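Take a first look at the chain below. The notes after it go from the overall layout to single residues.

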Amino acid sequence: MLFHYHWLGALGYPLSSKHKKRSDLSRGFVNLTGPGPQDPLNIQKLRFQAAQGPQDVADLREALKRARGIIGGLTVSPWIEGETSPGSRVQTDDEIDEYIYENVFGHHACCTNKMGADDDPMAVLDGNFSVRGAAGLRVVDASSWPDVPGYFITTPTYMISEKAADVVIAAASRRS
Ligand SMILES: Cc1cc2nc3c(=O)[nH]c(=O)nc-3n(C[C@H](O)[C@H](O)[C@H](O)COP(=O)(O)OP(=O)(O)OC[C@H]3O[C@@H](n4cnc5c(N)ncnc54)[C@H](O)[C@@H]3O)c2cc1C
């Protein structure tokens, strides 16, 4: 059996997630298109198309090159055949960028409805998960985070759900 290494799986995915968590550069948005609950949302992921997207691509390119340098030195084993993706034909900056644009993706959308301080104009939610300006409405999901909470975001979302349950029960106890 020969092993191949695949940057998208072994590198691109963790690197892009890790980079995204730390960089906070190109980000998309979700806008309301009207006041009604059935009004469609305007969801724009933007990917690398935001103003600072090229910086994200440059950072990922640099990370891929460094990792190639590290892992390339380890592949002298007869059991490892070589790099499958992007593959040895992808070498120049332009070729690596094209690979990044075509392959790097994210499905951990979050932070579109952030919790934050009273003086933060982007803070949709207060510290009790309540929507500012709307009585009796809370949001508890991956959108509530002010910043990407980590590499995998489901567990942190479960954690804030537990916290929110405590907040709701405490509020109900005060009313009764
Ligand atoms: C392909 C894929 C793979 C992923 N892999 C991982 C992973 O390995 N690890 C990880 O940590 N995260 C992973 N994620 C991310 C993770 O699944 C999400 O971040 C997480 O589920 C978000 O939780 P949420 O409660 O915000 O939203 P959701 O889990 O999407 O929950 C929203 C719920 O609302 C319901 N709903 C929607 N509209 C209505 C409506 N009008 N009325 C009533 N109910 C409604 C939906 O049916 C759904 O049950 C992955 C995501 C995708 C898409």
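This report covers the fold, two helices and their core, a long helix, the ligand shell and some loop residues.

## Ground rules and layout

This is a predicted model: local features need pLDDT of at least 70, side-chain atom pairs count only at pLDDT 80 or more, and totals for chains, interfaces and linings use all residues. Residues are numbered from 1 along each chain as its sequence is written.

The chain holds four helices and four strands. Helices (H or I, at least four residues) and strands (E, at least two) are DSSP runs, numbered from the N terminus. Along the sequence the pattern reads β-α-β-β-α-β-α-α.

How much of the chain is buried? Buried residues make up 13% of its 176 residues. A residue is buried if 20 or more other C-beta atoms lie within 10 Å of its own, exposed if 12 or fewer, and partly exposed in between; C-beta atoms are placed from the backbone.

Contacts tell another part of the story. Two residues are in contact if their C-beta atoms, placed from the backbone, lie within 7 Å. Among contacts with a separation of 6 or more, 60% join residues 24 or more positions apart.

## The core and its two helices

The largest nonpolar core has seven residues: Val57, Leu60, Leu64, Ile96, Tyr99, Ile100 and Val104. Helices α2 (53–72) and α3 (93–103) each supply at least two residues of this core. Such a core is a set of buried Ala, Val, Leu, Ile, Met, Phe, Trp, Tyr and Cys residues joined through C-beta atoms within 7 Å. In soluble globular proteins, nonpolar side chains tend to be buried together.

Start with α2. It has 20 residues and reaches 28 Å from its first C-alpha to its last, close to the 28 Å expected at 1.5 Å a residue. The expected span is 1.5 Å times one less than the number of residues. The buried residues of α2 are Asp56, Val57, Leu60 and Leu64. They cover an arc of only 95° around the axis, so they sit on the same side of α2. The arc is that of the directions from the helix axis to the C-beta atoms. On the other side of α2, Lys65, Arg66, Gly69 and Ile70 are exposed.

Now α3. Its buried residues are Ile96, Tyr99 and Ile100. Why do they share a side of α3? Their arc around the axis is only 100°, which puts them on the same side of α3. An α-helix has 3.6 residues a turn, so residues three or four places apart point the same way. The face of α3 turned away from the buried side carries exposed Asp94 and Glu102. What covers the buried residues of α3 includes α2.

Tyr99 also reaches beyond its helix. Leaving aside neighbours within four places in sequence, Tyr99 is in contact with Pro86 and Val90. Pro86 lies in the loop between β4 (80–85) and α3. The peptide bond from Ser85 to Pro86 is cis, with omega near 5°.

## An open helix and the ligand

Helix α4 (residues 154–175) has 22 residues and spans 32 Å from its first C-alpha to its last, close to the 32 Å expected. Of those 22 residues, the number buried is zero, so α4 lies largely in the open.

Which residues are around the ligand? They are His107, His108, Asp141, Ala142, Phe152, Ile153, Thr154 and Thr157. A residue is near the ligand if its C-beta atom, placed from the backbone, lies within 6 Å of it. The shell divides into three nonpolar, four polar and one charged. Ala, Val, Leu, Ile, Met, Phe, Trp, Tyr, Cys and Pro count as nonpolar, Asp, Glu, Lys and Arg as charged, and the others, Gly among them, as polar.

## Loop residues

The table gives four loop residues with their burial.

| Residue | Loop | Burial | Other C-beta atoms within 10 Å |
|---|---|---|---|
| Leu32 | β2 (29–31) to β3 (42–44) | exposed | 10 |
| Leu46 | β3 to α2 | exposed | 12 |
| Cys111 | α3 to α4 | partly exposed | 19 |
| Phe129 | α3 to α4 | buried | 20 |

Phi of Cys111 is near 70°, a positive value in a residue other than glycine. Phe129 likewise has phi near 70°.

Not counting residues up to four places away in sequence, Leu46 touches Ser26 and Gly28. Leu46 and Ser26 are 20 residues apart in sequence and 7.6 Å apart in space, C-alpha to C-alpha. With the same neighbours set aside, Leu32 is in contact with Asp39 and Leu41.
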